[in-house]
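Let's take a walk through this structure together, going from its surface to its core and then to its charged pairs.

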Amino acid sequence: MRLVDYSAGYLADHWCERGHGLYVLEGELHTELKDGRRFVLTPGMSYQVSGYGDAAHRSSTATGAKLFIVD
């Protein structure tokens with residue numbers, strides 16, 4: 001478990017293949033899956049990505065975001 005604070009303008013520099021559970025505490029998070037799907041998450045929203053067959057993913061934020069993540 002960890003708290004992550006992404007600053008404004010953050011863009012992940014890689015596609016992540018690991019599974020996570022993620023909950024947005026503050027800000028707005030953009031998640032892109034390698035298969036082309038895109039999602040915008042705001043405070044109170046969450047998602048789970050499996051490390052077993054789900055599409056690789058990466059995150060970005062224009063405004064910054066604080067997240068609670070369980071690996």
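Keep in mind that this is a predicted model. A good place to start is the nonpolar patch on the surface, to which β3 (20-27) and β8 (65-70) each contribute at least two residues. The patch covers about 600 Å² and is made by Met1, Leu3, Tyr23, Leu25, Phe68 and Val70. Take Leu3 as an example: this residue sits in strand β1 (residues 2-6) and is exposed, at 60% relative accessible area.

Now turn inward. In soluble globular proteins, nonpolar side chains tend to be buried together. Here the largest nonpolar core holds 11 residues, among them Val4, Leu22, Val49 and Leu67. Two or more core residues come from each of β1, β3, β6 (46-49) and β8, and β8 gives the largest share, with three. To see how the core connects, look at Leu67: its contacts include Val4, Tyr6, Leu22, Val24 and Leu29. Leu67 also touches Leu3, Tyr23 and Leu25, which belong to the surface patch.

Finally, the charges. The whole structure has five salt bridges. In one of them, Asp71 meets Arg2 at 2.9 Å, N to O. Asp71 lies in the segment after β8 and Arg2 in strand β1, so this pair ties together parts that are 69 residues apart in sequence. Asp71 also pairs with Arg18, at 3.9 Å. Arg18 is in the loop between β2 (10-11) and β3, so this bridge ties together parts 53 residues apart in sequence. Arg2, Arg18 and Asp71 are thus linked in a network of salt bridges. Elsewhere, Arg37 and Asp35 meet in a salt bridge at 2.8 Å.

How values were computed:
Residues numbered from 1 in each chain as written. Predicted model: local features only at pLDDT ≥ 70, side-chain atom pairs only at ≥ 80, totals over all residues. Heavy atoms only, no water. Patch = residues over 30% accessible without salt bridge, like charges linked within 9 Å, V, L, I, M, F, W, Y side chains within 5 Å. Areas by Shrake-Rupley, 256 points an atom, 1.4 Å probe, with all protein chains shown as cover. Salt bridge = Lys/Arg side-chain N within 4 Å of Asp/Glu carboxyl O. Helix = DSSP H or I, 4+ residues; strand = E, 2+ residues; numbered from the N terminus. Buried < 20%, exposed > 50% of the residue type's maximum accessible area, 1.4 Å probe, protein only. Core = buried A, V, L, I, M, F, W, Y, C linked by side-chain atoms within 4.5 Å. Contact = heavy atoms within 4.5 Å. Lists of a residue's contacts leave out its neighbours within four places in sequence.
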